[in-house]
Every structure is written in structure tokens, then in C-alpha cells.
Amino acid sequence: MGNDGAGISVMHLFDGRLPGVDAIDGGTGGFGLIPLMEGYEQVVIVDAMVGIGDRIGEVRTFEVPPSWDIPVYALHDIGIGEVVTLARELGYAGEIVTVGIEVGEIQAFSRDIDPEVVEGGIQIAEQKILTILREWTGDQESRS
């Protein structure tokens, strides 16, 4: 649905790109994300969010889940913050980092992603995720 596709767009950039990195489509998220994390020591979740930034395309990285006080920041049965908290408490994954892309308003039934989300959010999220992966692997020099 338009800008809500920002997370899946970033995920596709990593599909088969880096050895040892699985890019998994979490669908609409919510409770369904929890079993997808099972067996992974480190997880990056990337998602389109509303209310986390000052402008469309802004990217924020959360090592602690977004506050439950943030107004509607995900369009799923439960928000990413709740999913991460539950996954950690249940022992499904060790380290979980969430990369959120501010998408502003979600346009129902739109196939188009706003240019600010593509040029700012998706590209910046890709670079942030590469930085996270390099930190985790200790590979500060590799370029993918």
C-alpha cells in the first residue's frame, strides 16, 4: 500500500546479497514476526512507520523498541515495539534492532511510494542496515 511498502522495498535490496544474511518478508508483521526470529542471534527489522520522524523519509534506528506512547507507529495487529519486547522476553532472538522509515500518511490502495520515502528513507535505511551488519560481523571495510 504505497509508502507502507518501504520496509519490503529495503528487504528486497538484501535478498541474496550478503552471505550469511537472510532477508525474510515479515508480511504485515505483528505476532507473525516472532517465530520468524527464532534461531537468529541478531535481527534487523525494517518497517514503514508513522509518527517517528519530523519529515517523510526520515530514518530512525531503535535498539530499544519504539515507545508504546508514540502515536500509531505501525499498521499491524500489534506494533513493532511490542513484537520486539515479546521476542526478547520469549528468547526468540538475542539482539534486535529496528530501523523505522517515517512514511507520513499511508495512502490506501496505492502502488506508488512517495519520492521522499524512496530517495531518503529507503536509501538511508539500506546504508544504516549495512553499517549495523558490518558492526555485527566486524567487517568495517567490505562494500556490498
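In this predicted model, the residue G91, which comes just after helix α3, takes a positive phi of about 80°. The helix that precedes G91 spans residues 80–90, and its buried residues are I80, G81, V83, V84 and A87. Around the helix axis these residues cover an arc of only 165°, which means that they lie on the same side of α3. The face turned away from this buried side carries E89 and L90, both of them exposed. As for the partners of the helix, the buried residues of α3 pack against α2, against β1 (40–49) and against β3.

Strand β3 comprises residues 93–102, and G94 is part of it. Leaving aside residues up to four places away in sequence, G94 touches Y40, E41 and R88. The C-alpha atoms of G94 and E41 are separated by 4.8 Å, although the two residues are 53 apart along the chain.

A further link is made through charged side chains, where the count comes to one salt bridge. This salt bridge joins R17 to E126, with the closest N and O atoms 2.6 Å apart. The pair links distant parts of the chain, since R17 sits in the loop between α1 (6–14) and α2 (33–36), whereas E126 belongs to helix α4 (residues 115–137), 109 residues apart. How do the two partners stand with respect to burial, buried or partly exposed? E126 has a relative accessibility of 15% and therefore counts as buried, the cut-off for burial being under 20%. R17, with a relative accessible area of 25%, is partly exposed.

Key: Residues numbered from 1 in each chain as written. Predicted model: local features only at pLDDT ≥ 70, side-chain atom pairs only at ≥ 80, totals over all residues. Heavy atoms only, no water. Helix = DSSP H or I, 4+ residues; strand = E, 2+ residues; numbered from the N terminus. Contact = heavy atoms within 4.5 Å. Salt bridge = Lys/Arg side-chain N within 4 Å of Asp/Glu carboxyl O. Buried < 20%, exposed > 50% of the residue type's maximum accessible area, 1.4 Å probe, protein only. Arc of directions from axis to C-beta.
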